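This report covers one strand with its neighbours, and then a pocket. Please look at the sequence and the model first.

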Amino acid sequence: MAALAPPVAAIRVAVRSALTGVPAGGPVLVACSGGADSLALAAATAFVAPRLGRTAGLVTVDHGLQPGSAERAAEVARWANGYGLAPVEAVRVTVAGRPGGPEAAARLARYEALAEVARRHGAVALLTGHTRDDQAETVLLALARGAGPRGLAAMPPRRDLDGVPLLRPLLSVGREQTRAACAVLDLEPWDDPHNVDPSYARSRVRADVLPALVRALGPAVVDNLARTARQLAADNAVLDDLAATALAGSRAAGGGLSVDGLAALAPAVRTRALHAWARELGAPSAALSHRHVAALDALVTAWHGQGAVHLPGALCVVRRAGRLVTAAP
């Protein structure tokens with residue numbers, strides 16, 4: 001019996017590990033664009049899931065942004081049906097008119113569609129093909145934005161997507177491994193031209209910045225960046241727990257937050273508590289920035305009678321009688 005090729009083995013092990021502990025009762029769905037990463041993930045899931053007593057399906061999203069996109073989505077769906085995956089769906093989404101730039105709008109449309117399909121099929125998990133290289137790129141983009149520890153933690157291996165567990169099994173797997181696995185398995189991945197389009201920041205990082213770092217610092221830099229994200233994610237979890245406790249203890253009688261209670265907190269805990277409170281008030285996470293939280297913090301630590309802080313979602317916060325409270329805009 002021929003030995004299993006290491007890249008194929010590594011991806012199957014990663015999928016098996018990700019599915020361990022996922023509840024039974026419904027299929028696991030792979031989000032697959034037809035690129036090497038998601039194609040290798042789909043093939044591995046088709047192998048691993050039945051051996052764990054699970055059903056594995058696939059969903060592919062047509063963003064309608066390129067000529068022939070509908071045909072490519074249909075090809076991915078045909079391949080999945082022939083590979084033994086079920087259920088299989090190809091979903092068309094509308095990107096135009098959504099908030100943010102083209103990348104953000106496409107991502108929002110894609111995840112909305114993935115969540116809807118997953119809920120409709122009662123999926124117990126949705127798997128995406130983000131790799132260690134994607135994680136390293138995300139860390140660099142977060143650094144460029146000055147995103148802080150939360151942004152530098154990059155993509156979590158697991159998160160909730162509108163009630164569906166979203167898993168990223170390949171965050172410990174390199175992009176070269178997914179390409180090698182496709183070659184071994186005679187799979188023909190599709191290369192999205194957007195991935196090399198220099199008008200996108202991630203494409204520039206992928207084509208220029210990360211290769212330059214590898215040349216200057218060695219290939220270990222990719223894994224080191226991804227490991228940094230894992231370490232920061234662990235630290236963030238502890239700080240978030242402390243902030244949640246602090247937020248509960250800072251609530252004032254009559255509503256709002258006690259300025260004295262907030263002022264007694266360590267800065268890292270206080271700003272996280274304020275960030276969590278702003279989200280609790282209804283500020284959209286995607287629009288809530290460091291600038292907003294810093295302005296809230298200034299109401300506590302640099303008070304000189306300044307006016308209201310305006311938050312995303314048409315929210316207004318003022319300092320009044322020793323409390324932070326919401327006010328009419």
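In which sense do strand 1 and strand 4 pair, and over how many bridges? Strand 1 and strand 4 (residues 125-127) pair in the parallel sense, over three bridges. The model is predicted: local features need pLDDT of at least 70, side-chain atom pairs count only at pLDDT 80 or more, and totals for chains, interfaces and linings use all residues. Residues are numbered from 1 along each chain as its sequence is written, and side-chain values use heavy atoms, with hydrogens and water left out.

Strands (E, at least two residues) and helices (H or I, at least four) are DSSP runs numbered from the N terminus; two strands pair if DSSP finds at least two bridges between them. Strand 2 (residues 56-62) also runs parallel to strand 1, joined by four bridges. Val30 has a partner in each neighbour:

| Residue in strand 1 | Opposite residue | Strand |
|---|---|---|
| Val30 | Leu58 | strand 2 |
| Val30 | Leu127 | strand 4 |

In strand 1 (residues 28-31), Val28 and Val30 point one way, Leu29 and Ala31 the other, and all are buried (under 20% relative accessible area, 1.4 Å probe, protein chains only). In a regular strand, side chains alternate between the two faces of the sheet.

Helix 9 (220-249) and helix 1 (6-19) each give two or more residues to the lining of the second largest pocket. Helix 9 gives the most, with four residues.

Note on methods. Buried < 20%, exposed > 50% of the residue type's maximum accessible area, 1.4 Å probe, protein only.
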